[in-house]
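Welcome! Take a moment to turn the model around on your screen, and then let us walk through it together, one topic at a time.

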Amino acid sequence: MMLHLRHWPLVLAIASCSAAAAAAATTSTTSSLSSIPGKYQALGAAHHQPKKLKIGAASSSASSATSSSSSSSSTLDGNGNKPVFRQNPIKNWFGAFNRNNSPAAQNQTSPTCSCRCGERNDESRIVGGTTTGVSEYPWMARLSYFNRFYCGGTLINDRYVLTAAHCVKGFMWFMIKVTFGEHDRCNDKERPETRFVLRAFSQKFSFSNFDNDIALLRLNDRVPITSFIRPICLPRVEQRQDLFVGTKAIATGWGTLKEDGKPSCLLQEVEVPVLDNDECVAQTNYTQKMITKNMMCSGYPGVGGRDSCQGDSGGPLVRLRPDDKRFEQIGIVSWGNGCARPNYPGVYTRVTKYLDWIVENSRDGCFCDEDY
């Protein structure tokens, strides 16, 4: 099975970093990379394809480079319980996952800003999708590793980006660049807002099943909130049990327009309905063990044709609230078998399972006041 994580350039970058850090591992890493296809494949994943990164044999070498650091990481359950902090100086420098916020961030309450989250700029490919308008989705972030695009993300406040755990595990977080306010990523004449990652926070994630595929990126500086850069809304607390079944959700990203294709220069969007998890298992080739309560399927069983794809990993799945007409993020592009295949809809991380965890670990950022 072929999972789609969508960041093959990352695998190449990891190989180069590994070579610099450990010459002994260079030979095995290089040989394994030669067999990696065009997407960032899921590291060692036998059944889950990072959707949007593709992981292959090379992943094991990248994973081993950070195994010592991740073994001392604090563990969190899927209910958003407060993390146990265990400092590891090696991981603090090289690790992709550091779930420990600064003491100041843990002790202060979340401030609010005079801005409006989740407002799309209507005036202004993903498989089977269409090109978005310029700045139509102002919360969209693009992740680059050694200046190579590989993943998407979502601005949730002026300091934090929400993305997939597989987009940062195994990588040196301080080499991840995040770009905002961008539409055409291939236009070198534009100078979009950019930041670097100071720290990455994650839940207990494993490439073996892609459960808890969620991460927060703390940026090196605050992001200005403008008409071109605006955070997405998070689901309300009273929605934490909402499964959003039947909701027409929208996924966005610069990923490939077809399986094993080339990433898009222009930001793409695609509408896919959210499926009930039991329905997803009954009507597709996914099994009960593959689709956990922390995931949601979204797509067209038996039909296919529309889906997120390689390079879309970490990007948002959003829906329009019926009451205030603002967009809120309900999913994170995670994995899938191929792209837009009839019996394999896209699988997304279910954001409502992590609301407490997200707020707790990003409280030093300024959230938009939803009453504004």
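## The main nonpolar core

Let us begin on the inside of this predicted model. Its largest nonpolar core is made of 47 residues, and the members with the most contacts inside it are Ile156, Val178, Phe180 and Ile358. Which elements supply this core with two or more residues each? They are strands S3 (140-145), S4 (148-155) and S5 (160-163), together with S6, S7, S8, S13 and H8. Another core lies apart from this one; it has 15 residues, including Leu275, Met290, Tyr344 and Val347.

Phe180 is a good residue to click on. If we set aside its neighbours within four places in sequence, Phe180 touches Met140, Ala141, Leu155, Val161, Pro192, Glu193, Arg195, Leu219, Val223 and Ile229. Keep Glu193 and Arg195 in mind, as both return further down.

## A barrel of strands

Now look for the strands. Six of them close into a barrel, and following it round gives the order S3-S4-S5-S8-S7-S6, with antiparallel pairing. From one strand to the next, the twist averages 45°. As general background, strands of a sheet pair through backbone hydrogen bonds, in either a parallel or an antiparallel way.

One pairing to trace by eye is that of strand S6 (residues 176-180) with strand S7 (residues 193-202), which is antiparallel and runs over four bridges. Which residue in S7 is the bridge partner of Lys177? That partner is Phe196.

## Charged pairs

Side chains of opposite charge can pair when their charged atoms come close. In this model the count is 16 salt bridges. One of them joins Glu193 to Arg195, with 3.0 Å between the closest N and O atoms. Is each partner buried or partly exposed? Glu193 has a relative accessibility of 27%, so it counts as partly exposed. Arg195 has 10%, which puts it in the buried class because buried means under 20%.

Other salt bridges reach across the sequence. Arg240 and Asp356 meet with an N to O distance of 3.2 Å. Arg240 sits in the loop between strand S8 (215-219) and strand S9 (248-253), while Asp356 belongs to helix H8 (residues 355-360), so this pair links parts of the chain 116 residues apart. Arg240 is partly exposed at 27% relative accessibility, and Asp356 is partly exposed at 39%. In another salt bridge, Arg341 and Glu259 come to 2.6 Å, N to O. These two are 82 residues apart: Arg341 is in the loop between strand S13 (327-335) and strand S14 (346-350), and Glu259 is in the loop between S9 and strand S10 (268-275). Arg341 is partly exposed at 27%, and Glu259 is partly exposed at 24%. Salt bridges can also share partners, and in this way Arg236, Arg319, Arg321, Asp323, Asp324, Arg326, Glu328 and Glu370 are joined into one network.

## Aromatic rings

The structure holds 14 aromatic pairs. A pair of aromatic rings is described by the distance of the centres and the angle of the planes. For Tyr150 and Phe171, the ring centres are 5.7 Å apart and the planes stand at 50°, so this pair is tilted. Tyr150 is part of strand S4 and Phe171 is part of the loop between S5 and S6, so the pair ties together parts 21 residues apart in sequence.

Tyr150 and Phe171 are both buried. They also belong to a cluster, in which ring pairs link Tyr145, Phe146, Tyr150 and Phe171.

## Two buried threonines

Finally, meet two threonines. Thr349 is in strand S14, and with a relative accessible area of 2% it is buried. How far from Thr349 is the C-alpha atom of Asn212? The two C-alpha atoms are separated by 7.1 Å, although the residues are 137 apart along the chain. Beyond its neighbours within four places in sequence, Thr349 contacts Asp213, Ile214, Asn294, Ile330, Gly331, Ile332, Ser334 and Tyr354.

Thr352 is located in the loop between S14 and H8, and at 4% relative accessibility Thr352 counts as buried. Again leaving out neighbours within four places in sequence, Thr352 is in contact with Pro235, Gln239, Arg240, Asp242 and Phe244. Arg240 is a residue you have already met, as the salt-bridge partner of Asp356.

Definitions and conventions:
Residues numbered from 1 in each chain as written. Predicted model: local features only at pLDDT ≥ 70, side-chain atom pairs only at ≥ 80, totals over all residues. Heavy atoms only, no water. Salt bridge = Lys/Arg side-chain N within 4 Å of Asp/Glu carboxyl O. Buried < 20%, exposed > 50% of the residue type's maximum accessible area, 1.4 Å probe, protein only. Pairing = 2+ DSSP bridges. Axes fitted to C-alpha atoms, helices over the stretch in contact; angles between N-to-C directions. Core = buried A, V, L, I, M, F, W, Y, C linked by side-chain atoms within 4.5 Å. Contact = heavy atoms within 4.5 Å. Phe/Tyr/Trp six-rings, centres within 6.5 Å; stacked < 30°, edge-to-face > 60°.
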